[in-house]
Each structure stands twice: as structure tokens, then as C-alpha cells.
Amino acid sequence: REVTQIGDDVFSYNTAITSIVIPNTVKVIRSGAFSGCSSLSQITLSESLISLGEIAFYGCTSLTDIVLPESLESIREEAFSCSGLKEIQIPDSVASIGEWVFYHCENLENVVLPGGLKIIAEGMFTGCNSLKEIEIPNQVSVIANCAFDSCEGLETVQFSNSLEEIGEEAFRFCQNLKEIEIPSKMKSIGKDAFYYCKSMRKAVFLAGVETIGKEAFYFCESLREVQFPMLVNIGEKAFAYCSGLQKAILGEGLVNIGDSAFYSCDRLEDIILPNSLTRIENQAFGNCYYVTEEGEVKGLASISIPENVIFIGSNAFWGCSALEKIDVAEGNAEFCSMDGILFNKAKTELLYFPDGKHMEEYEIPSSVQKLGDYAFAYIDVDMENISIVIPDTIREIGAYAFYNCYLGNIKLPKDLKS
């Protein structure tokens with residue numbers, strides 16, 4: 001009687017097996033068939049094999065290479081996870097590769113994926129530390145969550161022209177990835193997608209990307225420049241702590257810059273906000289400054305608010321110690337600027353006094369009735385004698401309005417209510 005399949009867990013954790021030949025009558029290797037066979041170093045698969053089951057070769061730490069037959073159509077979840085594979089070529093006959101298939105194959109250096117593959121499944125290469133480069137087949141439209149998470153040796157990724165989505169944590173902790181160019185069909189980049197890719201110096205997005213998720217490029221400290229031709233939304237902390245970022249080119253179409261999106265981008269000195277922008281959320285550009293060895297404060301020195309902006313978070317520019325002025329487009333219906341200081345359009349509320357604006361005395365205009373939250377926070381940290389003249393028209397002072405200020409003199413109005 002012919003053997004047509006290797007059953008579930010048949011040889012599971014048999015540490016005595018070192019080599020095996022699967023007869024050509026076998027079409028299916030089922031779940032866990034050789035899992036934990038830590039001494040298995042050589043295997044010849046059936047030329048009629050169609051399917052490899054879940055965790056089929058899980059933990060086969062001595063298995064360094066394997067030849068997959070052209071008959072193979074599917075590789076199920078975790079089939080080679082935690083194995084000793086160094087290289088593998090997956091034939092074009094394979095249409096489906098399951099999740100976590102090569103999870104923590106720490107010796108895997110070379111992979112050839114099938115040309116017809118459409119999805120890089122969740123966790124497929126997580127923890128493959130020896131993988132240096134990967135070419136994504138042209139029909140792949142989705143790189144799923146955690147697909148290359150913690151591939152610390154990965155330096156180069158050639159993306160598919162059909163790519164539309166990069167999932168959450170897809171390239172997180174890829175600490176040697178140096179540059180990416182995202183193709184034009186791409187629509188969204190998920191949360192933490194390139195989190196702590198600390199060697200990445202440049203990210204180029206061809207026309208198409210609309211949404212960058214929360215913390216997508218968080219702590220990419222070597223990133224120098226980003227370009228987004230058609231971006232609509234920048235998520236919360238998307239570029240936070242990108243301490244080397246010097247230039248961000250934001251194309252028309254951008255609507256929202258999320259909370260702390262560029263927080264602590266120390267060297268960001270050049271950013272042009274597009275006319276399409278409507279919202280700048282809390283701490284969007286907070287703490288964007290650094291101090292040179294000579295003690296000079298540098299960083300974001302000026303910023304221009306476009307005419308369509310209707311919301312600016314109360315501490316959007318909090319802690320920008322080099323910021324000397326904020327300009328506002330004349331056509332803006334919500335905000336205006338006077339002497340580089342941000343007010344609401346009617347000048348009844350002083351919203352933000354730039355941290356880097358050095359003056360010995362500032363007299364608040366008599367039209368002002370309210371000082372906004374964080375209005376004077378962190379001003380003149382290197383000058384201890386600044387005086388602020390507050391008119392009697394002021395009725396309200398917002399939260400943290402004078403937080404961490406070095407004030408020489410201040411007199412509160414007699415009719416202050418809150």
C-alpha cells in the first residue's frame with residue numbers, strides 16, 4: 001500500500017533521526033510531522049509533495065538547507081520556524097505561505113520567494129537576524145504585521161511595485177536597514193512599521209502613501225530626510241525621536257499632523273507646511289532643538305502656518321528653544337501672527353510666545369483677554385530677567401502658561417478670574 005501522507009507528529013521530537021528520504025508517493029506532510037527533530041540534517045522530499053503542514057519542521061536546528069519540489073503549492077504556519085535553515089528557494093508553484101513560517105530562523109541568509117506570491121504573511125521572517133537582503137515579488141500587495149520584525153541584519157529591501165500596505169511592526173527593530181523607497185501604489189504604513197530602524201538615513205515615498213501610522217518611524221535616529229508627495233495623515237509620534245531628521249518635504253494633500261508627530265526631532269530646521277493642512281495636534285513639533293558643543297541653541301527657528309489650518313494644539317511647539325517666530329498666512333480665518341507671536345484671529349487670545357524669542361520685556365497687547373495653555377512655557381531659559389507686562393484686560397490664564405519660565409518680573413491683573 002502506497003504512503004501518500006506523513007501524519008501529524010509522526011516523528012515529532014525524535015532526536016535520533018539524522019536523515020530521511022520521503023517517497024515520491026507522498027503528497028502531504030501534516031502538522032508537526034518532524035517538529036523538534038533536532039538532529040535531522042538532511043531530508044529529500046517527495047517530488048509529488050503538495051502541502052507542508054503547520055510546524056512540520058519546527059525546531060529542526062540541524063537542518064541547514066532543503067530543496068522544495070516544483071509540485072509544492074502551500075506551506076502552512078510555522079513550518080520551518082526555529083529551524084537551522086541558512087538558505088531556501090521557494091518554487092513558483094507555491095501560491096500560499098502561512099504566518100510565522102521562518103520565525104526565528106536566526107541563520108537564514110538567503111531566501112528566494114515565489115513570483116506569484118501576493119501576501120508576505122504575518123511574522124513570516126520575524127527574528128531572522130542573518131537575513132541581509134530581500135526582494136519582494138512583484139505581485140505582493142501586502143506586507144503583513146511583524147513580517148520582518150527584529151531582522152537586525154536586514155540592510156536592503158526591494159519592494160514590489162504592486163505593494164499597497166505595510167502592516168504594523170512589519171520592519172520594527174531592523175537596525176541595519178539603511179534606505180527605503182516606497183512604490184506609488186502604497187496607501188498606508190502601519191503602526192510601528194519601521195520602529196527603531198536606527199540606521200535608516202533616507203525614506204522616499206512615491207506618489208500614493210496617504211497614511212502613516214502611530215510611531216511608524218519612531219526613534220529612527222539616523223533618518224535625515226523624508227519626502228511625502230501625497231500624504232494625508234501623519235499619525236501620533238510617527239517620527240518622534242528621529243533626532244537626526246533635518247528635512248521633511250510634505251506634499252499638498254496633507255490634512256493632519258498627529259500628536260507628537262515630530263517630537264524631539266532635534267535637528268529639524270527645514271519644514272514647509274502645505275496649504276492643504278488643517279490640523280497640527282498637541283506637541284506635534286515639541287522639543288525640536290539641540291545645543292551645540294559651543295553652547296549654541298539650534299533647531300527649528302521659524303515656521304509658517306498655512307491659511308487652511310483651523311486647529312493648533314496648545315503645546316504644538318512646546319520646548320522648541322530655537323524657535324524665534326511663527327508666521328501665519330494672511331488668509332487664515334483662525335489664527336494670526338504679530339511680531340512672530342501666535343494669536344487667535346481676533347487677537348483676544350495669545351496662544352504661543354516662541355521659546356527662542358529673546359526680549360528683556362514683552363508687553364501683551366491690550367486686546368488680549370486670555371493666555372492660552374503653555375503660552376509662555378519655557379521662554380528665555382538662558383535669560384533670567386525677562387519681564388512680561390500683563391494688561392488689565394486679561395481675564396483667564398491657561399494651564400502651564402508660565403511653566404518653567406525664568407521671569408524677572410510679572411504683575412497679575414486685578415480682574416483675573418482663572
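Contact here means heavy atoms within 4.5 Å. This is a predicted model, in which local features need pLDDT of at least 70 and side-chain atom pairs count only at pLDDT 80 or more, while totals for chains, interfaces and linings use all residues. Residues are numbered from 1 along each chain as its sequence is written, and side-chain values use heavy atoms, with hydrogens and water left out.

**Figure 1. The whole chain, before we zoom in.**
The protein chain has 37 strands and zero helices; both are DSSP runs numbered from the N terminus, with helices (H or I) of at least four residues and strands (E) of at least two. Along its principal axes, the C-alpha trace spans about 100 × 40 × 35 Å. The radius of gyration of the protein chain is 29 Å, whereas a compact globule of 418 residues would have a value near 22 Å; the radius is taken over C-alpha atoms, and the globule rule is 2.2 Å times the number of residues to the power 0.38. Of the 418 residues, 50% are buried, where buried means under 20% relative accessible area, exposed means over 50%, and partly exposed lies in between (1.4 Å probe, protein chains only). The accessible surface comes to about 18,100 Å², and carbon and sulfur atoms hold 42% of that area; areas come from the Shrake-Rupley method with a 1.4 Å probe, and for residues only the protein chains shown count as cover. Among contacts between residues at least 6 apart in sequence, 30% join residues at least 24 apart.

**Figure 2. An open sheet of five parallel strands.**
The strand order is 15-17-19-21-23, and two strands count as paired if DSSP finds at least two bridges between them. Strand 15 (179-182) and strand 23 (270-272) stand at the edges with a single partner strand each, so one side of each has no neighbour in the sheet. Neighbouring strands are turned by 5° against each other on average, direction ignored; the axes are lines fitted to C-alpha atoms, for helices over the stretch in contact, and angles run from 0 to 180 degrees between N-to-C directions.

**Figure 3. Strand 21 and its two parallel pairings.**
Strand 21 (residues 247-250) pairs with strand 19 (residues 225-228) over four bridges, and with strand 23 over three bridges. On the strand 19 side, Val226 has Ala248 as its bridge partner, and Gln227 has Ile249. Ile249 also has a bridge partner in strand 23, namely Ile272. In a regular strand the side chains alternate between the two faces of the sheet. Strand 21 follows suit: Ala248 and Leu250 point to one face and are buried, while Lys247 and Ile249 point to the other and are not.

**Figure 4. Two separate nonpolar cores.**
A nonpolar core is a set of buried Ala, Val, Leu, Ile, Met, Phe, Trp, Tyr and Cys residues joined through side-chain atoms within 4.5 Å. The largest core has 112 residues, and Phe57, Phe148 and Phe285 have the most contacts inside it. Strands that each supply at least two residues of this core include strand 17 (202-205), strand 27 (302-305), strand 29 (325-328) and strand 32 (349-352). The second core has 19 residues, among them Phe343, Phe353, Leu371 and Ile394.

**Figure 5. Thr126, a buried loop residue.**
Thr126 sits in the loop between strand 10 (119-120) and strand 11 (133-135), and its relative accessibility is 5%. Leaving aside neighbours within four places in sequence, Thr126 is in contact with Trp100, Phe102, Tyr103, His104, Cys146, Ala147 and Asp149.

**Figure 6. Glu169 and Gln175, both in the loop between strand 14 and strand 15.**
Glu169 has a phi near 60°, a positive value in a residue other than glycine. Glu169 is buried, with a relative accessible area of 19%. Gln175 is also buried, at 19% relative accessibility. Not counting residues up to four places away in sequence, Gln175 touches Glu152, Tyr196, Lys198 and Ser199.

**Figure 7. Asp339 and Lys347, two loop residues.**
Asp339 lies between strand 30 (335-338) and strand 31 (341-344). Although Asp339 is not a glycine, its phi is positive, about 60°, and at 59% relative accessibility Asp339 counts as exposed. Lys347 lies between strand 31 and strand 32 and is partly exposed, with a relative accessible area of 29%. Not counting residues up to four places away in sequence, Lys347 touches Cys336, Met338, Ser367 and Val368. The C-alpha atoms of Lys347 and Phe335 are separated by 8.3 Å, with the two residues 12 apart along the chain.
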